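Biologist: Could you take me closely through one part of this model, the helix packing around a buried serine, and then set it against the rest of the chain? I would be glad of residue names and cut-offs as you go.

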Amino acid sequence: MAVQSRKWMILVATIWIQAFTGTNFDFSAYSSEMKKVLGISQVQLNYLAVASDMGKVFGWSSGLALMYFPLWVVLFMAAFMGLFGYGIQWLVIRNAISLPYMLVFFLCLLAGCSICWFNTVCLVLCIKNFPTNRALALSLTVSYNGVTAALYALAGDAINASSSSLYLLLNSLVPLVVSIAALIPILRQPSVDPLSPEAVRSDSIMFLLLNLLAILTGVYLLIFGSNTSDSTTARILLAGAIFLLVFPLCVPGVVYARHWFHNTVHSSFHLGGSGFILVDDDDLELHKRLVSGEGSFNDRNGSLSEDGCEYKVGSEKGIDEDSTRCCEKMIEKDQLVILGEEHPAKVLVGRLDFWLYYIAYFCGGTIGLVYSNNLGQIAQSLGESANTTLLVTLHSSFSFFGRLLSAAPDYVRAKIYFARTGWLTIALLPTPIAFFLLAGLGNSMALRVGTALIGLSSGFVFSAAVSVTSELFGPNSVGVNHNILITNIPIGSLVYGVLAAIVYDANSGRGLKLKFTDSIVCMGRRCYFLTFVWWGCLSILGLVSSLLLFLRTKHAYDAFERNRALAEASKEQEPTS
């Protein structure tokens with residue numbers, strides 16, 4: 001039981017790390033002040049946001065560090081990267097020191113790299129300590145990365161609501177403090193032993209409870225995160241938010257109580273009729289059964305090409321129309337046959353499915369990230385500067401909800417089975433709606449609704465991406481393949497950000513010129529109108545790409561589910577035969 005308790009304490013420590021290290025999401029809270037102090041254009045400001053996102057390109061360096069250093073050392077290396085990266089920026093924005101633009105660019109890059117290193121540490125902790133419930137552990141902990149901006153907004157109101165530079169100070173110090181708090185659980189990691197079927201089910205129920213607690217945390221931050229009238233109220237609300245983050249520490253106590261409950265009261269209840277299918281122990285071997293069983297399935301229904309990549313249905317004889325045949329050929333060409341097949345990097349970049357997935361991410365989640373980077377200037381141009389903190393909290397909270405929703409397919413699989421790529425397509429729907437709403441109305445209400453929809457959509461994409469990559473291109477190759485996938489983030493940050501900055505600067509000729517600086521502020525709907533239209537059109541491209549990916553992978557997911565059902569049915573019949 002002590003081992004089980006330490007395992008859950010590590011999960012809580014991982015939640016803390018994620019909750020306070022999503023520091024790239026509060027860039028918009030201080031970007032206007034940074035632009036003013038440095039006296040730079042919107043294009044130059046965008047390059048600073050790109051530098052932060054470029055840290056993901058160097059995510060491989062954290063894996064390299066883990067080959068030579070213990071996990072806790074890599075954790076503190078990440079913390080000190082953030083301390084110097086954000087801390088020196090804070091000194092710059094406070095006019096304590098003066099640095100050239102290129103050095104500030106490097107500091108943003110260093111700070112962005114620290115985020116990636118923190119994520120790697122959390123990924124390793126979840127995989128090592130929850131091998132059976134890895135997907136649920138990753139989904140839960142990654143979700144908390146979306147609440148960082150809301151937590152820091154609440155902390156900023158509690159300390160000094162008028163100081164936007166305070167976000168940089170929080171970004172630099174808080175992750176280091178949290179790393180120190182998480183050190184003891186990390187150093188006392190338990191040995192991982194195989195779990196019994198009952199233990200797997202119990203852990204799944206525990207994850208369900210933790211997800212419900214996470215939803216409560218998100219609702220709390222959404223309601224109270226930016227509606228503070230004074231610092232005293234903000235401090236009380238901040239204390240409540242911290243309590244919700246500390247409360248999961250009660251889980252180890254629940255582990256002990258559950259053992260007593262099982263021996264005394266459990267016989268009075270039966271959980272087998274639940275409508276949820278969580279992670280079951282049978283799923284551990286399901287992938288191997290699928291790979292072996294899919295061959296017979298293909299022999300009955302179709303054929304594979306020599307390279308094992310092309311899938312054609314043998315019963316297609318009644319299609320006479322050329323247009324229909326052409327469409328089906330496009331769907332079936334180089335189509336994935338089974339889930340979980342390992343794809344080395346060279347094979348990965350040669351697959352059409354990967355590039356459809358890449359475009360869907362590039363034109364979906366990445367646009368949402370760039371929108372959040374520009375949220376400060378968007379609010380300022382629409383005369384909503386006073387509500388920037390509210391908008392940051394709104395985006396952060398709904399991004400958190402989107403990340404939590406990415407786990408929904410695992411919980412409702414019994415009643416509503418749908419390919420994960422189909423859920424990804426549904427998740428991308430709000431993004432074009434939001435951008436066209438912003439372009440068409442451009443008022444305060446549209447800004448708030450659009451921000452919430454974009455946060456919800458991008459949050460889902462960010463959290464679901466690891467699972468989708470693992471399922472489509474192999475769990476053992478997910479580290480390398482996912483790093484290849486997220487190269488779209490710095491590319492998109494550069495392309496979309498420069499597009500927005502050029503439109504912004506082009507419309508700032510009649511804008512307001514700030515005193516003592518060369519920085520121009522554009523005011524009015526025209527500042528981002530064309531940007532919203534372009535982003536909306538590009539997000540439709542991402543939606544179409546995701547839909548094609550769903551159509552091309554649907555049969556593989558269906559085959560996976562059939563094999564899982566057959567495996568369970570055969571196992572149930574074993575005792576009787």
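Modeller: Happy to; what follows starts with the whole chain, moves to the helix packing, and ends with the parts to read with caution.

This is a predicted model, in which local features need pLDDT of at least 70 and side-chain atom pairs count only at pLDDT 80 or more, while totals for chains, interfaces and linings use all residues. Residues are numbered from 1 along each chain as its sequence is written, and side-chain values use heavy atoms, with hydrogens and water left out.

The chain has 26 helices and 4 strands; helices (H or I, at least four residues) and strands (E, at least two) are DSSP runs numbered from the N terminus. Of its 577 residues, 54% count as buried. Here buried means under 20% relative accessible area, exposed means over 50%, and partly exposed lies in between, with a 1.4 Å probe and protein chains only. Among contacts (heavy atoms within 4.5 Å) with a separation of 6 or more, 83% join residues 24 or more positions apart.

Now to your serine. S396 sits in helix α19, residues 388-405, and is buried at 2% relative accessibility. Leaving aside residues up to four places away in sequence, S396 touches G146, V147, T148, A149 and A150. S396 also illustrates how the fold brings distant positions together: G22 is 374 residues away in sequence, and the two C-alpha atoms are 9.8 Å apart in space.

The same helix, α19, packs against α23, residues 444-473. Their axes come within 6 Å and cross at roughly 35°; axes are lines fitted to C-alpha atoms, for helices over the stretch in contact, and angles run from 0 to 180 degrees between N-to-C directions. The crossing of α19 and α23 is right-handed, where right-handed means that the near helix is turned clockwise from the far one by less than a right angle, and left-handed means anticlockwise. On the α19 side, the contact is made by L390, L391, L394, H395, F398, S399, F401, G402, R403 and L405, and on the α23 side by L447, R448, T451, A452, G455, L456, S458, G459, F460, F462 and S463. By class, these residues divide into 11 nonpolar, 8 polar and 2 charged. In this scheme, Ala, Val, Leu, Ile, Met, Phe, Trp, Tyr, Cys and Pro count as nonpolar, Asp, Glu, Lys and Arg as charged, and the others, Gly among them, as polar.

Helix α23 has another partner in α21, residues 420-428: their axes come within 10 Å and cross at roughly 160°. That makes α21 roughly antiparallel to α23, since angles over 145 degrees count as roughly antiparallel, those under 35 as roughly parallel, 65 to 115 as roughly perpendicular and the rest as oblique. The crossing of α21 and α23 is left-handed. Its contact involves R420, T421, W423, L424, A427 and L428 of α21, together with S457, F460, V461, S467, V468, E471 and L472 of α23. This contact has 8 nonpolar, 3 polar and 2 charged residues. F460 of α23 takes part in the contact with α19 and in the one with α21.

A few other places are worth a look. Helix α7, residues 134-143, has 7 of its 10 residues buried, so it is largely enclosed by the rest of the structure; the buried ones are L136, A137, L138, S139, L140, T141 and S143. In helix α18, residues 375-381, you will find Q380, which is buried with a relative accessible area of 19%. Beyond four places in sequence, Q380 touches S32, S385, Y504, V521 and M523. By contrast, N95 is exposed at 59% relative accessibility. N95 lies in the loop between α5 (71-93) and α6 (101-129) and has a positive phi of about 60° although it is not a glycine.

Finally, a word on confidence. The average pLDDT of the chain is 78, and 77% of the residues score at least 70; pLDDT is the predictor's confidence in each residue, from 0 to 100. It stays under 50 over residues 266-320, for which the model has 92 contacts beyond four places in sequence. Residues 511-517 also stay under 50 in pLDDT, with 15 such contacts. Where pLDDT is low, the predicted coordinates should not be read in detail.
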